[in-house]
Amino acid sequence: MMKIKNYKYYYWTKWLNNTDNIKYGYYSQYIKNNLKIIGFNSIYYDSNNFFKIDKLSKKYKSNQQWKWLENEFKKSLINKDKIIFINHIPIGAGEAIPYYNTKLTLLLEKYNDIILTNLYG
């Protein structure tokens with residue numbers, strides 16, 4: 001498993017400027033001036049995932065992804081960036097856990113003025 005993870009990490013680093021969190025499956029990347037992609041790893045919040053994060057006390061499993069996401073949105077708001085938000089699991093999908101649905105809905109509502117679109121898949 002670790003070999004596969006390192007292999008994937010190596011290839012993603014070719015395209016991303018900041019790879020601090022890519023090992024955890026999330027990142028942000030400018031694609032144009034003031035246009036940024038934010039990739040969020042919702043697999044942590046999949047009800048079928050044995051290692052799911054279903055409460056705040058488990059936040060360290062994802063290297064504090066929620067805190068990182070809010071900081072990315074805050075910086076983007078200050079910089080007048082627009083965001084393309086990509087993610088695996090749509091809010092409210094059958095496999096999405098309530099903890100995830102609630103937290104992500106609140107954040108996307110709070111920063112909806114800077115989010116151009118949400119893409120899931």
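Two strands pair if DSSP finds at least two bridges between them. Strands are DSSP runs of E with at least two residues, helices are runs of H or I with at least four, and both are numbered from the N terminus. The model is predicted, so local features need pLDDT of at least 70 and side-chain atom pairs count only at pLDDT 80 or more, while totals for chains, interfaces and linings use all residues. Residues are numbered from 1 along each chain as its sequence is written, and side-chain values use heavy atoms, with hydrogens and water left out.

**Exercise 1. Trace the strand order of the sheet and name its edges.**

Step 1. Start with β3 and β4. They run parallel and are joined by five bridges. In this pair, N87 stands opposite Y120 of β4.

Step 2. Look at how the chain gets from β3 to β4. It passes through helix α3, residues 98-110, in a right-handed β-α-β crossover. Right-handed means that, with the strands pointing away from the viewer, the path from the first strand over the helix to the second runs clockwise.

Step 3. Add β2. Five bridges link β2 to β3, again parallel. L35 stands opposite K82 in β3.

Step 4. Add β1. It runs antiparallel to β2 (residues 35-39), with five bridges. Here K32 faces L35 of β2.

Solution. The order is β1-β2-β3-β4, in an open sheet of mixed pairing. β1 (27-32) and β4 (115-120) each have a single partner strand, so one side of each lacks a neighbour in the sheet.

**Exercise 2. Work out the surroundings of K36 in strand β2.**

Step 1. Is K36 buried or exposed? K36 is buried, at a relative accessible area of 3%. Buried means under 20%, exposed over 50% and partly exposed in between, with a 1.4 Å probe and protein chains only.

Step 2. List contacts (heavy atoms within 4.5 Å). Leaving out residues up to four places away in sequence, K36 touches S28, Q29, Y30, E72, S76, D81, K82, I83 and I84.

Solution. Within this buried setting, the K36 side chain makes a polar contact with the side chain of S76 at 3.1 Å. Such a contact is a pair of N or O atoms within 3.5 Å; within protein, one must be able to donate a hydrogen and the other to accept it, and residues adjacent in sequence count only if both atoms are side-chain atoms.
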